[in-house]
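Trainee: I've got a new structure on my screen and I'd like to talk it through. Can we take it one piece at a time?

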Amino acid sequence: YDTAFLTAAAKRVAFAHWSTPQAKKPDEIVWHEGSATQPIARLPGDRLIGLSADGRRAAVVDDQAFIVHDLEHNTELCRIDSSRLADLYVAAGALSPDGGKLVVSDSNVQKLWLFSVDACKAQPKLLRGPGKNEADTLVFSPDSKPVAVGGAFYDRTVRVFATDSGR
């Protein structure tokens, strides 16, 4: 398994399943509640980037878009086409614990974008950029307000940004 998430209450677990080491994408992204044999949903995407703390929302990314799903109603809440951000190459992404924010780092131009899941058609907020180094690790605080950004292995820095002000 390449990526895994566990909700705060430990009632749901999410993971990307790779059938073979040679596979270019996961075969499926599966969500389980209480049983490893009863999936809640199978979601398309190349990479799982987040699970809300209550386990109701999940975010995935593929070559074309970032997608946030409502797992309770099996619906797509938000789709952000990567064409909205020119030359976007996703280095990392994270879904806030409250499921309301999606932050994405772009390694081509070292920018950090913040999207509102409920208003994903709106212009994203630029939290950082352009910078010298890409961010390859993103994590929200438990209250979903600041986001910590870790540099690539050669950078070794961690920066914290307030999602309301971008500072």
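Mentor: Sure, and keep in mind that this is a predicted model. Let's begin with Ser144, which sits in the loop between β13 and β14.

Trainee: Is Ser144 buried or exposed?
Mentor: Its place is in the loop between β13 and β14. The cut-off for buried is under 20% relative accessible area. Ser144 comes in at 1% relative accessibility, so the label is buried.

Trainee: What is the phi of Ser144?
Mentor: Look at the hairpin that β13 and β14 form, with five residues between the two strands; Ser144 is in the turn. Its phi is positive, and Ser144 is a residue other than glycine. The value is near 65°.

Trainee: How many bridges join β13 to β14?
Mentor: β14 covers residues 146-151, and the two strands run antiparallel. One pair to look for is Val139, which stands opposite Ala148 in β14. The number of bridges joining β13 to β14 is five.

Trainee: And Asn74, is that residue buried or exposed?
Mentor: Asn74 is found in the loop between β7 (65-70) and β8. Its phi is also a positive value in a residue other than glycine, near 50°. Exposed means over 50% relative accessible area. Asn74 has 60% relative accessibility, so the word is exposed.

Trainee: What is the order of the strands in the open sheet of four?
Mentor: Start from the edges, β5 (47-51) and β8 (75-81), which each pair on one side only. The pairing in this sheet is antiparallel, and the twist averages 20° from one strand to the next. Reading across, the order is β5-β6-β7-β8.

Trainee: Which residue is the bridge partner of Leu51 in β6?
Mentor: β6 spans residues 57-61 and runs antiparallel to β5, with four bridges joining the two. In general, strands of a sheet pair through backbone hydrogen bonds, either parallel or antiparallel. For Leu51, the partner in β6 is Ala58.

Trainee: Which residue in β12 does Trp113 stand opposite?
Mentor: Let's come at it from β10 (residues 101-106), which six bridges join to β11 (residues 111-116) in an antiparallel run. There, Val104 stands opposite Trp113 in β11. β11 also pairs with β12 (residues 125-128), in the antiparallel sense over three bridges. Across that pairing, Trp113 stands opposite Leu126.

Trainee: What is the volume of the largest pocket?
Mentor: Find the spot first: among the 23 residues that line the largest pocket, Phe5, Ile49, Ala94, Leu138 and Val139 are the closest to its centre. You've met Val139 already, as the residue opposite Ala148. The volume of this pocket is about 390 Å³.

Trainee: How many nonpolar residues does its lining have?
Mentor: Strands β1 (4-6), β5, β9 (90-95) and β13 (135-140) each supply at least two residues of the lining. By class, the lining has six polar and two charged residues. The nonpolar ones number 15.

Trainee: Is Arg42 buried or exposed?
Mentor: Arg42 lies in strand β4 (residues 39-43). Its C-alpha atom is separated by 9.8 Å from that of Leu71, a residue 29 places away along the chain. The relative accessible area of Arg42 is 51%, and over 50% is the cut-off, so Arg42 is exposed.

Trainee: Which residues is Arg167 in contact with, leaving aside its neighbours within four places in sequence?
Mentor: Arg167 has its place in the segment after β15 (158-162), and is exposed at 75% relative accessible area. Leu127 is 40 residues away in sequence, yet the C-alpha atoms of Leu127 and Arg167 are 7.1 Å apart in space. The contacts you're after are Val160, Phe161 and Ala162.

Trainee: To zoom out, how many strands does the protein have?
Mentor: Of its 167 residues, 47% count as buried. Among contacts with a separation of 6 or more, 33% come from residues 24 or more positions apart. As for helices, there are zero, and the strands number 15.

Conventions
Residues numbered from 1 in each chain as written. Predicted model: local features only at pLDDT ≥ 70, side-chain atom pairs only at ≥ 80, totals over all residues. Heavy atoms only, no water. Pairing = 2+ DSSP bridges. Axes fitted to C-alpha atoms, helices over the stretch in contact; angles between N-to-C directions. 1 Å grid on protein atoms, 1.4 Å probe; cavity = no way out; pocket = protein on both sides within 12 Å on 5 of 7 lines; lining within 4 Å. Points joined across faces, edges and corners; volume = space filled by probe spheres on them. Nonpolar A, V, L, I, M, F, W, Y, C, P; charged D, E, K, R; others polar. Buried < 20%, exposed > 50% of the residue type's maximum accessible area, 1.4 Å probe, protein only. Contact = heavy atoms within 4.5 Å.
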